[in-house]
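Reader: Hello! I am new to this structure and would love a close look at one part of it. Could you take me through it step by step?

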Amino acid sequence: MEAGGQDRPQGRDLAHATLRAARERAATRGHEPGVRKPGKPPLPRGQNPRRRRWSGPGMDERDPQPLGRLASRMATQLGWSGRLANGQVFGQWTRLVGEEVAEHAQPVALKDGELTVRASSTAWATQLRLLQRQLLAKIAAGVGNGVVTRMRIQGPAAPSWRKGPRHVSGRGPRDTYG
């Protein structure tokens, strides 16, 4: 019992009361309950009337898309394609040039189509200079044409004997002991 002394309808009585109230509202608006206006096709349950398009059996932009396709479309729209291609050169270096070359040479920088590569020895730097044309072709096949247009090959970085802001000019550490 409620404070006012009335019972609230429950179960089947609640459904009957709700249906009776809906019929009364429809009668005050001048509609016959349960009858749709002529000319409007019935909508499927839960369907938004403003979005009544079905995709059908063919491909549609609303169908689920593979993540790779969405990422490449987003990279193109945001202008990231060039930077991603540059990153592929560094990330896939071993696959692009082969394991033996990748073991003795590492990419250092890629700017304006020029790839700087540091070799592990002067002999490998010479070998890479001889293979430069083939390496450019392999890289272009792997990441696309125009990403790397030329290569600058450097030998190993030699230690610097010039330490600190003040140093003695001259020939540096040589055989001065004998």
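Which residue forms a salt bridge with Glu 114, the closest N and O atoms being 3.1 Å apart? Please show me the surroundings of that pair as well.

Author: Happy to help! The residue you are asking about is Arg 152, which forms a salt bridge with Glu 114, and 3.1 Å separates their closest N and O atoms. Please keep in mind that this is a predicted model.

Let us start with where the two partners sit. Arg 152 belongs to strand E3 and Glu 114 to strand E2, so the pair links distant parts of the chain, with their positions 38 residues apart in sequence. Glu 114 has another partner too: Arg 150 forms a salt bridge with Glu 114, and here the closest N and O atoms are 3.6 Å apart. That pair also links distant parts of the chain, as Arg 150 lies in strand E3 and Glu 114 in strand E2, 36 residues apart. Salt bridges that share partners thus join Glu 114, Arg 150 and Arg 152 into one network. The structure holds two salt bridges. As background, side chains of opposite charge can pair when their charged atoms come close.

How covered are the two arginines? Arg 150 has a relative accessible area of 40%, so it counts as partly exposed. Arg 152 is partly exposed as well, because its relative accessibility is 42%. Both fit the picture of strand E3: Arg 150, Arg 152 and Gln 154 make up its uncovered face, while Met 151 and Ile 153 form the covered one. In a regular strand the side chains alternate between the two faces of the sheet.

Now to the strands themselves. E2 (residues 114-119) and E3 (residues 150-154) pair in the parallel sense, and five bridges hold that pairing. One of the partners is Arg 118, which is matched with Gln 154 in E3. E2 also pairs with E1 (residues 105-111): these two strands run antiparallel and are joined by six bridges. There, Leu 110 stands opposite Leu 115 of E2. E1 and E2 form a hairpin with two residues between the strands, and in this hairpin Asp 112 takes a positive phi near 55°.

E2 is mostly covered, with five of its six residues buried. Thr 116 is a good example to look at, and it lies in this strand. Its relative accessibility is 11%, so Thr 116 counts as buried, the cut-off being under 20%. Leaving aside neighbours within four places in sequence, Thr 116 is in contact with Gln 106, Pro 107, Val 108 and Ala 109, and also with Arg 152 and Gln 154. Arg 152, the residue you asked about, is therefore one of the contacts of Thr 116 as well as a salt-bridge partner of Glu 114.

From the strands we can move to the core. The largest nonpolar core has 23 residues, and those touching the most other members are Val 89, Trp 93, Val 97, Leu 115, Leu 128, Ile 139 and Val 148. E1, E2 and E3 each supply at least two residues of this core, as do helices H3 (81-91), H4 (93-97), H5 (99-104), H6 (122-130) and H7 (132-143). H7 gives the most, with four residues. In soluble globular proteins, nonpolar side chains tend to be buried together. To see one core member up close, take Val 97: not counting residues up to four places away in sequence, it touches Ala 102, Leu 135, Lys 138 and Ile 139.

Helix H6 also holds Gln 127. This residue is partly exposed, because its relative accessible area is 36%. Gln 127 and Val 101 are 26 residues apart in sequence, and their C-alpha atoms are 9.5 Å apart in space.

Finally, let us step back to the whole protein. Its secondary structure comes to seven helices and three strands, and along the sequence these follow the pattern α-α-α-α-α-β-β-α-α-β. Of the 178 residues, 18% count as buried. The accessible surface comes to about 14800 Å², and carbon and sulfur atoms account for 52% of this. Among contacts with a separation of 6 or more, 47% are between residues 24 or more positions apart. The salt bridge you asked about, between Arg 152 and Glu 114, joins residues 38 positions apart.

Conventions. Residues numbered from 1 in each chain as written. Predicted model: local features only at pLDDT ≥ 70, side-chain atom pairs only at ≥ 80, totals over all residues. Heavy atoms only, no water. Buried < 20%, exposed > 50% of the residue type's maximum accessible area, 1.4 Å probe, protein only. Contact = heavy atoms within 4.5 Å. Areas by Shrake-Rupley, 256 points an atom, 1.4 Å probe, with all protein chains shown as cover. Pairing = 2+ DSSP bridges. Core = buried A, V, L, I, M, F, W, Y, C linked by side-chain atoms within 4.5 Å. Salt bridge = Lys/Arg side-chain N within 4 Å of Asp/Glu carboxyl O.
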